[in-house]
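Biologist: Could you take me on a close look at one part of this model, the glycines in its helices, and then show me what lies around them? I would enjoy one connected account, with the reasoning spelled out wherever a label depends on a number.

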Amino acid sequence: MRTTTTRRERPGSTRRPSTGRVTAPARGAARTQARMPSRGLAPRQPRGRSPLLGILSLAAFVLFWVFLLMAFNSLMVGAQNSDAKRMIASGFLGVLSFLWPITGAVLGIIGVVKANSQKVVAGIGLGLNGLLLVWILIGLARH
């Protein structure tokens, strides 16, 4: 329920006389703030959309390629030096690198579903990691 109050003019004021009506505040935060009684606390600002999950999903995509290139480099050095331990370690690093697209896809799904996240960035991360997972699965199915 909205109540109206009359404004009283100060003596010596150059303003026009008040009509006695009070206009409602605009929509949004000002209207909500006008309706809420003051409790001595600062008003809460609405939180923006966070791109964190999408950025982490994209970082997982990049980390897959970094780990894969590191494994390939280590494999080449191990093959040139006939170092069996380095070749085994590079194989382990290559297999470990395939966990990044799974992690990135999960983070992308969470980012798309979550209410206060930037869905575009999370969707791009989900799409890239999803394509990478499909590519890996097709490669495994062919051999």
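**A glycine and its surroundings**

Modeller: G91 has a relative accessibility of 36%, so this glycine counts as partly exposed. Please keep in mind throughout that we are looking at a predicted model. G91 is located in helix α3, and its C-alpha atom is 9.7 Å from that of L68, although 23 residues separate the two along the chain.

To place that helix, let us step back for a moment. The protein contains 5 helices and 0 strands, and reading from the N terminus its elements follow the order α-α-α-α-α. It has 143 residues, of which 19% count as buried.

Now to the company that α3 keeps. Two packed helices are described by the angle between their axes and by the distance between those axes. For α2 and α3, the angle is about 165 degrees and the axes are 8 Å apart. The pair is therefore roughly antiparallel, since angles over 145 degrees receive that label. The crossing that α2 and α3 make is left-handed.

What sits in the loop between α2 and α3? S82 has its place there. Its relative accessibility is 65%, so S82 counts as exposed. The backbone at S82 deserves a second glance too: phi is near 55 degrees, a positive value in a residue other than glycine. Most residues other than glycine have a negative phi.

Helix α2 has another packing partner. Residues 52-81 make up α2 and residues 119-142 make up α5, and these two helices pack at an angle of about 30 degrees, with their axes 7 Å apart. That angle is why α2 is described as roughly parallel to α5, because the label applies to angles under 35 degrees. Here, too, the crossing is left-handed, with α2 passing α5.

In α5 we meet a second glycine, G125. Its relative accessibility is 0%, so G125 counts as buried. The C-alpha atoms of G125 and A105 are separated by 7.2 Å, with their positions 20 residues apart along the chain.

A third glycine, G104, belongs to helix α4. G104 has a relative accessible area of 0% and is therefore buried; the cut-off for that label is under 20%. From C-alpha to C-alpha, G104 and N129 are 5.9 Å apart in space, while in sequence they are 25 residues apart.

Is V106, another residue of interest, buried, partly exposed or exposed? V106 is found in α4, and at 46% relative accessibility this valine counts as partly exposed. Together with F92, L96, L99, I102 and I110, V106 forms a nonpolar patch on the surface, whose residues have about 550 Å² of accessible area together.

This patch takes us back to the helix where we began. Both α3, residues 84-97, and α4, residues 99-113, supply at least two residues of the nonpolar patch. The most comes from α4, which gives 4 residues. So α4 holds a buried glycine, G104, as well as the partly exposed patch member V106. And α3, the home of G91, packs against α2 and also contributes to the patch.

Note on methods: Residues are numbered from 1 along each chain as its sequence is written. This is a predicted model: local features need pLDDT of at least 70, side-chain atom pairs count only at pLDDT 80 or more; totals for chains, interfaces and linings use all residues. Side-chain values use heavy atoms; hydrogens and water are left out. Patches are made of residues with over 30% relative accessible area and no salt bridge: like charges are joined within 9 Å, nonpolar side chains (Val, Leu, Ile, Met, Phe, Trp, Tyr) within 5 Å. Accessible areas come from the Shrake-Rupley method with a 1.4 Å probe; for residues, only the protein chains shown count as cover. A salt bridge is a side-chain nitrogen of Lys or Arg within 4 Å of a carboxyl oxygen of Asp or Glu. Buried means under 20% relative accessible area, exposed over 50%, partly exposed in between (1.4 Å probe, protein chains only). Axes are lines fitted to C-alpha atoms, for helices over the stretch in contact, and angles run from 0 to 180 degrees between N-to-C directions. Angles under 35 degrees count as roughly parallel, over 145 as roughly antiparallel, 65 to 115 as roughly perpendicular and the rest as oblique. A crossing is left-handed if the near helix is turned anticlockwise from the far one by less than a right angle, and right-handed if clockwise.
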